[in-house]
Amino acid sequence: MDNLTFTNSILLVEGLKVTPQSSQPVFILILLAYVFTMVSNIGLIFLISTEKNLHDPMHFLFCNLPLNDILGTTVIMPRLLQDILRETSERNISYAECVIQAYFVHVFTAACHYVLMIMAFDRYVAICNPLRYTTIMTNKMVIKLSAFAWGLAILLVTIMIGLTLRLSHCGYKIENPFCDNASLFKLSCEDVSINNVFGVVYTIIIACLSAVSIFITYVKIATLCIRSRNKALNSKAIKTCSTHLTVYLIMLVSGATFILLHRFPEYSDSRKLASIMFHIVPPGLNPLVYGLQTKEIRLLKKKIVKN
């Protein structure tokens, strides 16, 4: 089958394996999680955009996180909810739709790391260079940092998906709850070693780049706090950094669980469930973490409730 013919064909997505008896409860549970994630993330963006007290570099950079969380949940949840109520043999998707879904799944994953990197930089400047903060973190800098996070994610994912699109294909079944790059190139009958190598290098670069940069940032912040022995500074560092670090750890644990389960074929179903949870848990918990731990947002929520 040539590539042109296959490109216009219909693929079969494995979806989430549920019994007929449990399909409706699972559907309702995932739907509630999706609605909660969307409402909470959109609510945070609306709150930051309308409240002048939150119009500062830290909160503008933070807006990238709920935007990415909205992308990450929307790219798979509506389709997944439809598939839960369908018979396994009816979970069809066009090749073009599958490619688009895979593209944005990986943009979401990469942007998770890069957005948290630029947020860590903001915290570093605020704590280690407070007198120069307004000079460094201008609106222009916020735009540059945001463009860096999204631009790098889009560039690397475009290259990765481009390497997959060059392949001819002979398979038709996506052995995953949703489309991703690995599921796409596994459909090929050609040598996919380049795709495998690029995928591994790509994953290592993203994980290491974010982990190393955030680690260095927090080491510098911790060193400053230890040397200064200033209680006010230490309190500020703990309050501002604990939120960011909590969000990073939630993302890291969710992603690491999914990646580690790849090494154990006998846990294939657990891996597939973990891949879905990566698009539910961090996007759902991030607004809670920032809403409860960020003083300005917490106070505004109390004000709104009283009114």
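A residue is called buried here when its relative accessible area is under 20%, exposed when that value is over 50%, and partly exposed in between. With that scale in hand, begin at C112, which is buried because its relative accessible area is 5%. Keep in mind throughout that the model is a predicted one.

**Stop 1: the cysteines without a partner**

With C112 still selected, add C63 to the view. C112 takes part in no disulfide, and the nearest cysteine sulfur to its own, that of C63, is 16 Å away. Looking back from the other end, the sulfur of C63 finds its closest cysteine sulfur in C112, and at 16 Å this is too far for a bond, since a disulfide requires sulfur atoms within 2.5 Å. C63 is also counted as buried, because its relative accessibility is 13%.

**Stop 2: the disulfide between C98 and C179**

Next, select C98 and C179, which are joined by a disulfide with an S to S distance of 2.0 Å. The torsion about the S-S bond is -110 degrees, and the link is left-handed. Distant parts of the chain are connected by this pair, for C98 sits in helix α6 while C179 belongs to the loop between β3 (173-174) and α9 (181-185), 81 residues apart. Colouring by accessibility will show C98 as buried, at 0%, and C179 as buried, with a relative accessible area of 0%.

**Stop 3: the disulfide between C170 and C189**

Move now to C170 and C189, whose sulfur atoms lie 1.4 Å apart and form a disulfide. This disulfide is right-handed, because the torsion about its S-S bond is about 95 degrees. It too links distant parts of the chain, with C170 in the loop between α8 and β3, C189 in the loop between α9 and α10 (193-228), and 19 residues separating them. C170 counts as partly exposed at 44% relative accessibility, whereas C189, at 56%, counts as exposed.

With both links on screen, the count by the distance rule is two disulfides, and if the bonded cysteines of the protein are numbered in sequence order, the pairing reads 1-3, 2-4.

**Stop 4: helix α6 against helix α8**

Return to C98 and extend the selection to the whole of the helix that holds it, α6, which covers residues 95-128, and then add helix α8, residues 139-165. The axes of these two helices come within 8 Å and cross at roughly 145 degrees, and the crossing of α6 past α8 is right-handed. Displaying the side chains of this contact brings up 24 nonpolar and three polar residues, with no charged ones.

**Stop 5: the sheet**

Keep α6 visible and select the strands. Which order do they take in the sheet? They form an open sheet of three strands in the order β2-β1-β3, with mixed pairing. β2 (92-94) and β3 stand at the edges, each with a single partner strand, so that one side of each has no neighbour in the sheet.

Strand β1, residues 10-13, pairs with β2 in the antiparallel sense over three bridges, and zooming in here shows I10 opposite S94 of β2. With β3, by contrast, β1 runs parallel, the two being joined by two bridges, and here V13 stands opposite I174 of β3. Helix α6 lies across β1, β2 and β3, and runs at about 85 degrees to β2.

**Stop 6: helix α5 and its surroundings**

Now select helix α5, residues 77-84, which is largely enclosed by the rest of the structure, because six of its eight residues are buried. The buried residues are M77, R79, L80, L81, D83 and I84. To see what covers them, switch on β1, α2 (23-50), α4 (64-74), β2, α6 and α12 (268-277), which are among the covering elements.

**Stop 7: S23**

Finish at S23, a residue of helix α2. Is S23 buried or exposed? Its relative accessibility is 11%, so S23 counts as buried. Leaving aside residues up to four places away in sequence, S23 touches V18 and I84, and the second of these, I84, brings the view back to α5, where I84 is one of the buried residues.

Note on methods. Residues numbered from 1 in each chain as written. Predicted model: local features only at pLDDT ≥ 70, side-chain atom pairs only at ≥ 80, totals over all residues. Heavy atoms only, no water. Axes fitted to C-alpha atoms, helices over the stretch in contact; angles between N-to-C directions. Helix = DSSP H or I, 4+ residues; strand = E, 2+ residues; numbered from the N terminus. Left-handed = near helix turned anticlockwise from the far one by under 90°. Nonpolar A, V, L, I, M, F, W, Y, C, P; charged D, E, K, R; others polar. Buried < 20%, exposed > 50% of the residue type's maximum accessible area, 1.4 Å probe, protein only. Pairing = 2+ DSSP bridges. Contact = heavy atoms within 4.5 Å.
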